[in-house]
Amino acid sequence: MKPREIFLAALRRQAVPCAAAGSATSVITTDLMDHAGVWFPEAHLDAGKMAALAETAVTVLGFDNIMPLFSVWHESAALGCEVDWGDRNRMPTGKPCCSSLDAELVIPRDFLLRPSCTVPLKAIRELKRRHGDEFAVLGKAFGPWTLGYHVFGVEPFLMATLLEPDAVRRALRKLIEVTVAFAHAQVEAGADALTLADHCTRDLCSPTAYRDFLLELHHELHERISCPIVLHICGNTADRLIYLRETGLECFHFDSKVPAVQARTLAGQKLSLMGGTSNFTVVRNGTTAGIAQDVQEKLAAGIDIIGPECAVPLDAPWMNLQILAEEAKLQSAARFASCV
Ligand SMILES: [Zn+2]
């Protein structure tokens, strides 16, 4: 099986000859930018540079998938948020574009034609052309909850969930159309699967808020988007994994705050799991032996796609990601062979 087939089969928990290695979020580090000769912020803003940096995930690191949307701001910039695209040592940051939740959120009709959307769409097309037979190309769109943080600001949005829940529901209904439109455009450009990042983590959203505001919307996204979806939520998600498995979404990209064994128990046997490897103790600061040990624990717990828990810190060494991918392949091939 080619890496693309392994990655896409692992996303659905189908039989594979070895574990997949990959990530739903950015794997770019500053030393990987130096290695590729392409840096932020240009790699967020120029399709050729974005594709050139993104492909290092497979040409240098040895992962099975490429995911070229390194930042969280592409569609929000197209909606009108002011974005500082950062630099080689700093991820982009943005500012809200709406001052209140009262009916003033207007989705620009042409948002998909704005540069912050056309650049990743063009990069996906190029990556599909260059690597599409061999490796999986993953797109990324943000869910309505994260878009709510971006366009209204985190604090006003969260306050509104308590004070004006109906206004929040109306806003989420508008924002879900942004997620669907950007997702469809990426699938049309050649994405094999999609990261759906929606930051309804425990610090910011209670499990009942997840159930009441988002469960149905995530289920709807699964129904309306025609490719497999990897849901990404940072932080501790143990108290909402029982809801996530009801959405029908194929895979969950989880944070190391949920131990892998617990994640597998809560996810059940149907939901595929990706990540869970700590970006701090393992990816940034781990030794080769520590990385190998982490991979062993993930495989033993039944994690389907080995990789970092979230966007890799820019100051991590890329060599550790390469070791992680190598260990995933070596250990799982031996483990799976001994199971037959
Ligand atoms: Zn994250």
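**Cavity**

I began with the enclosed space and counted one cavity of 30 Å³ or more, where a cavity is a set of points on a 1 Å grid over the protein atoms alone at which a 1.4 Å probe fits but cannot get out. The model is a predicted one, in which local features need pLDDT of at least 70 and side-chain atom pairs count only at pLDDT 80 or more, whereas totals for chains, interfaces and linings use all residues. I kept in mind that residues are numbered from 1 along each chain as its sequence is written, and that side-chain values use heavy atoms, with hydrogens and water left out.

The largest cavity holds about 70 Å³ of space, a volume being the space filled by probe spheres set on the grid points, which are joined across faces, edges and corners. Its lining consists of 13 residues, and those closest to its centre are Thr 25, Val 27, Ala 57, Asn 65 and Met 67; a lining residue has an atom within 4 Å of a point. Sorted by class, I noted eight nonpolar, five polar and no charged residues in this lining, with Ala, Val, Leu, Ile, Met, Phe, Trp, Tyr, Cys and Pro taken as nonpolar, Asp, Glu, Lys and Arg as charged, and the others, Gly among them, as polar.

**Zinc site**

Which residues coordinate the zinc ion? I found His 232 through NE2, Cys 234 through SG and Cys 310 through SG, at 2.0 to 2.1 Å; donors are N, O and S atoms within 2.8 Å of the metal (3.2 Å for Na, K and Ca), and the site may look incomplete because water is not among the atoms. The donor residues are spaced H-x1-C-x75-C in sequence. His 232 in strand β7 (residues 229-232) and Cys 310 in the loop between β10 (305-306) and α16 (318-339) are 78 residues apart, so the pair links distant parts of the chain; helices (H or I, at least four residues) and strands (E, at least two) are DSSP runs, numbered from the N terminus. His 232 counts as buried at 1% relative accessibility, and Cys 310 is buried too, with a relative accessible area of 19%, where buried means under 20%, exposed over 50% and partly exposed in between (1.4 Å probe, protein chains only).

I then turned to Thr 201, which sits in the loop between β6 (193-197) and α11 (207-224) and is buried, at a relative accessible area of 8%. A polar atom of the Thr 201 side chain lies 2.7 Å from the backbone oxygen of the zinc donor Cys 234. A polar contact is a pair of N or O atoms within 3.5 Å, of which, within protein, one must be able to donate a hydrogen and the other to accept it, and residues adjacent in sequence count only if both atoms are side-chain atoms. Leaving out residues up to four places away in sequence, Thr 201 touches Ile 233, Cys 234, Gly 235, Asn 236 and Arg 240, contact meaning heavy atoms within 4.5 Å.

**Pockets**

The largest pocket holds about 430 Å³ of space, a pocket being an open set of grid points with protein on both sides within 12 Å along at least five of seven lines. Of the 23 residues in its lining, Val 72, His 199, Cys 234, Cys 310 and Ala 311 lie nearest the centre, and I note that Cys 234 and Cys 310 are also zinc donors. By class this lining has 14 nonpolar, eight polar and one charged residues, and its largest share, three residues, comes from α8.

For the second largest pocket I recorded a volume of about 240 Å³, and its lining divides into seven nonpolar, two polar and three charged residues. Among the lining residues are Arg 13, Asp 304 and Arg 335. Arg 13 lies in the loop between α1 (3-11) and β1 (20-21), is partly exposed at 26% relative accessibility, and has a positive phi of about 60° although it is not a glycine.

**Other places looked up**

Is Asn 320 buried or exposed? Asn 320, in helix α16, is buried with a relative accessible area of 10%, and a polar atom of its side chain lies 2.9 Å from the backbone oxygen of Val 283. Apart from neighbours within four places in sequence, Asn 320 is in contact with Val 282, Val 283, Arg 284, Gly 286 and Ile 291.

Last, I checked the peptide bond from Phe 40 to Pro 41, which is cis with omega near 5°, and placed Pro 41 in the loop between α2 (30-36) and α3 (42-45).
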